[in-house]
Amino acid sequence: MTSSQYPANQPQSTGLDKKTSAILSYALGWLTGIIFLFVGKNDPDVKFHASQSIVFFGAVSVLNIVLSIVGSLLGALGIIFSLAGLGVGVLSLVVWIMAMVQANNTGGVRAPLPIVGKFTAPYADQLARSVN
């Protein structure tokens with residue numbers, strides 16, 4: 001196909017279609033979420049995925065930092081916080097993979113994250129609406 005026109009679901013500012021943009025908004029966690037929140041601002045579904053990535057992976061990052069600090073202050077009891085941090089990391093990895101697979105399967109259409117979507121979706125909606 002050598003048409004010079006973009007397909008209807010393809011944002012012209014990035015040259016990426018909705019599905020690819022939705023998948024890439026999860027690729028590096030909250031970092032790519034921030035990028036696609038602004039780059040994909042013409043598509044509300046891409047903004048939703050980007051916002052969801054920021055909310056979930058940002059919260060995971062903050063939680064891991066808190067667990068590390070508290071664990072280092074508690075000495076021998078810190079191993080409990082290290083194990084909790086490991087559990088958060090494994091959950092984060094599982095959600096990351098599931099989010100990209102779901103974004104691929106839905107074609108980039110708005111869909112809440114697996115496992116934690118009911119908690120992050122309201123905040124993601126607020127964040128997506130705040131960026132114009």
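**Entry 1. D125 and R110**

I looked up the pair D125 and R110 in this predicted model. The two residues form a salt bridge, and their closest N and O atoms are 2.8 Å apart. I then checked where each residue sits. D125 belongs to helix α5 and R110 to the loop between α4 and α5, so the salt bridge ties together parts that are 15 residues apart in sequence. For accessibility I noted that D125 is partly exposed, at 22% relative accessibility. R110 is likewise listed as partly exposed, with a value of 37%.

**Entry 2. A further partner of R110**

I asked which other side chain R110 meets in a salt bridge. It is that of D45, at 3.7 Å from N to O. This pair links distant parts of the chain, since D45 is in helix α3 and R110 in the loop between α4 (78-105) and α5 (117-130), 65 residues apart. I recorded D45 as buried because its relative accessibility is 14%, and buried means under 20%.

**Entry 3. D43 and K18**

I next turned to D43. Its salt bridge is with K18, and the closest N and O atoms lie 3.7 Å apart. D43 is in the loop between α2 (30-39) and α3, while K18 is in helix α1 (residues 18-27), so the pair joins parts 25 residues apart in sequence. Are these two residues buried or exposed? D43 is buried, with a relative accessible area of 11%. K18 is buried as well, with a relative accessible area of 16%.

I also examined the backbone beside D43. A side-chain oxygen of D43 lies 3.0 Å from the backbone nitrogen of D45, and D43 thereby caps the N-terminal end of α3.

**Entry 4. The salt bridges together**

I counted the salt bridges and found four in the structure. I then noted how the residues of the preceding entries are connected: K18, D43, D45, R110 and D125 are linked in a network of salt bridges.

**Entry 5. Helix α3**

I looked up the extent of α3. The helix covers residues 44-73, which is 30 residues. From its first C-alpha to its last it reaches 43 Å, close to the 44 Å expected at 1.5 Å a residue. After α3 comes G75, and I noted that its phi is positive, near 65°.

**Entry 6. S53 and S68 in α3**

I selected two serines of α3. S53 lies in this helix, and its relative accessibility of 0% places S53 among the buried residues. What lies around S53? Leaving out residues up to four places away in sequence, S53 touches S25, Y26, G29, W30, G33 and G58. I found a polar atom of the S53 side chain 2.9 Å from the backbone oxygen of S25.

S68 is also in helix α3. At 48% relative accessibility, S68 is partly exposed. I recorded a separation of 7.4 Å in space, C-alpha to C-alpha, between S68 and G85, which are 17 residues apart in sequence.

**Entry 7. The buried face of α1**

I returned to α1, where K18 is located. Which residues of α1 are buried? They are K18, S21, A22, S25 and Y26. Viewed down the axis of α1, the buried residues fall within an arc of 135°, so they line one face of the helix. I asked what covers these residues; the cover includes α2, α3 and α4. S25 and Y26 of this set also appear among the residues that S53 touches.

Following α1 is G29, whose phi is positive, near 70°. G29 is one of the residues touched by S53.

**Entry 8. The protein as a whole**

I closed with the overall composition. The protein has five helices and zero strands, and along the sequence the pattern reads α-α-α-α-α. Of the 132 residues, 37% are buried. I noted an accessible surface of about 7600 Å², with 69% of this area belonging to carbon and sulfur atoms.

I also looked up the sequence range of the contacts. Among contacts between residues at least 6 apart in sequence, 61% join residues at least 24 apart. I set beside this figure two of the salt bridges already entered: D45 and R110 are 65 residues apart, and D43 and K18 belong to parts 25 residues apart in sequence.

Note on methods. Residues numbered from 1 in each chain as written. Predicted model: local features only at pLDDT ≥ 70, side-chain atom pairs only at ≥ 80, totals over all residues. Heavy atoms only, no water. Helix = DSSP H or I, 4+ residues; strand = E, 2+ residues; numbered from the N terminus. Expected span 1.5 Å × (residues − 1). Polar contact = N/O pair within 3.5 Å; in protein donor to acceptor, adjacent residues only side chain to side chain. Salt bridge = Lys/Arg side-chain N within 4 Å of Asp/Glu carboxyl O. Buried < 20%, exposed > 50% of the residue type's maximum accessible area, 1.4 Å probe, protein only. Arc of directions from axis to C-beta. Contact = heavy atoms within 4.5 Å. Areas by Shrake-Rupley, 256 points an atom, 1.4 Å probe, with all protein chains shown as cover.
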